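Student: I would like to go through the charge pairs and the nonpolar surface of this structure, and hear what each label rests on.

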Amino acid sequence: MDILCSAVVLLFGIITFLKDKKLYNVGAVFSLFWGMILLLSTLRLYGLYEAGDRAYLFIMVGVSFFCLGEALGERITFINRNGKRFFSKRDENQINVRRFYLLLSVCIVCLIPDIKMIIYFVKNGFDLNRIYYTIAMNSAGAETEISNIQFGSALQQIIKTYIGYPLLYLLISVSLICFMKKREKKYFFSILILTLIRFLADLKRTLLVMLFLMVVFFFLLLRDSGKYMPGNFYFFKKFKKRYIFVLFCSFAFIYIIISKLRRGNNEASFSFFE
């Protein structure tokens, strides 16, 4: 069952890629990502325990419906009572600011446990190395300074995980696009605030890598701006190949600085890739 599910998911990825020959097609990326996870899972490297057939089946069904939704979304048009499209070509790239602020407020409320923990670290003078070590050891089940501190109820932790974090990643990507399109400060500050909350909550560099990839994929998508994104973006007009090099160097510099600050004086504690 595991081999069959892996093959089916990878096949979905290949088919969606061949459909329009774009590797950044959302269906292709999603399918190939889960296909590689399933394939590596079947190898059971490093003593990885064997997952049940039901887990593989659920993932295969989920990826299948995701690809189906992605394919149908390009062909199905929703019509209102007046016979007009719910989303016109003109409206596809417009952001409802009120709903944006509403979702941003909901996201921050859901992240209150993380905000309380960050405030605790700041009040007690924790540096980045101490924060990372404390959170890492606490996640591993070791006794730490925060083991007996409740930053939120069990319900708040669930809401944070299943509502707060998904909204955070969604709002960061939307804010990034809006900022590059309109250069409005509110989108920049929303990116900054959400990124700081998420980063200081565990000091993992995953979000930094995600931001870098978001920018890269954004400019890749702009190559098809005439088809997908009507209108000219300011950053796209000014964008040159040399800026890719500057962007990559800036990312590498920030990544290394954060790694050194997080590692502190204990050179053997953490690698640049953990």
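## Salt bridges and a nonpolar patch

Tutor: The side chains of lysine 186 and glutamate 184 form a salt bridge, with N and O 3.3 Å apart. Keep in mind that the model is predicted.

Student: Why is the contact between lysine 186 and glutamate 184 called a salt bridge?

Tutor: The rule asks for a side-chain nitrogen of Lys or Arg within 4 Å of a carboxyl oxygen of Asp or Glu. The N to O distance here is 3.3 Å, so the pair meets the rule. Side chains of opposite charge can pair when their charged atoms come close.

Student: Are lysine 186 and glutamate 184 buried or partly exposed, and what makes them so?

Tutor: Lysine 186 has 28% relative accessibility and glutamate 184 has 29%. Buried means under 20% and exposed means over 50%, so both residues count as partly exposed.

Student: How many salt bridges are there by this rule?

Tutor: The count comes to 3 salt bridges. One of them joins lysine 160 and aspartate 114, at 3.2 Å from N to O.

Student: What does the pair of lysine 160 and aspartate 114 tie together?

Tutor: Lysine 160 lies in helix H7 (residues 154-182) and aspartate 114 in helix H5 (residues 112-123), so the salt bridge ties together parts that are 46 residues apart in sequence.

Student: How do you know whether lysine 160 and aspartate 114 are buried or exposed?

Tutor: Lysine 160 has a relative accessible area of 10%, and aspartate 114 has 2%. The cut-off for buried is under 20%, so both are buried.

Student: What makes aspartate 202 and arginine 198 a salt bridge, and how are they placed in helix H8?

Tutor: Their closest N and O atoms are 3.0 Å apart, which is within 4 Å, so the pair qualifies. In helix H8 (residues 185-202) the two are 4 residues apart, which means a separation of about one helical turn. Aspartate 202, at 14%, and arginine 198, at 13%, are both under 20% and therefore buried.

Student: Which residues make the nonpolar surface patch?

Tutor: Met1, Leu4, Leu57, Val61, Phe65, Leu68 and Leu72 make a patch of about 630 Å². Helix H3 (residues 53-73) gives the most to the patch, with 5 residues.

Student: Why can valine 61 of helix H3 belong to a patch?

Tutor: Patch residues need over 30% relative accessible area. Valine 61 has 35%, so valine 61 passes that cut-off while counting as partly exposed.

Definitions and conventions
Residues numbered from 1 in each chain as written. Predicted model: local features only at pLDDT ≥ 70, side-chain atom pairs only at ≥ 80, totals over all residues. Heavy atoms only, no water. Buried < 20%, exposed > 50% of the residue type's maximum accessible area, 1.4 Å probe, protein only. Patch = residues over 30% accessible without salt bridge, like charges linked within 9 Å, V, L, I, M, F, W, Y side chains within 5 Å. Areas by Shrake-Rupley, 256 points an atom, 1.4 Å probe, with all protein chains shown as cover.
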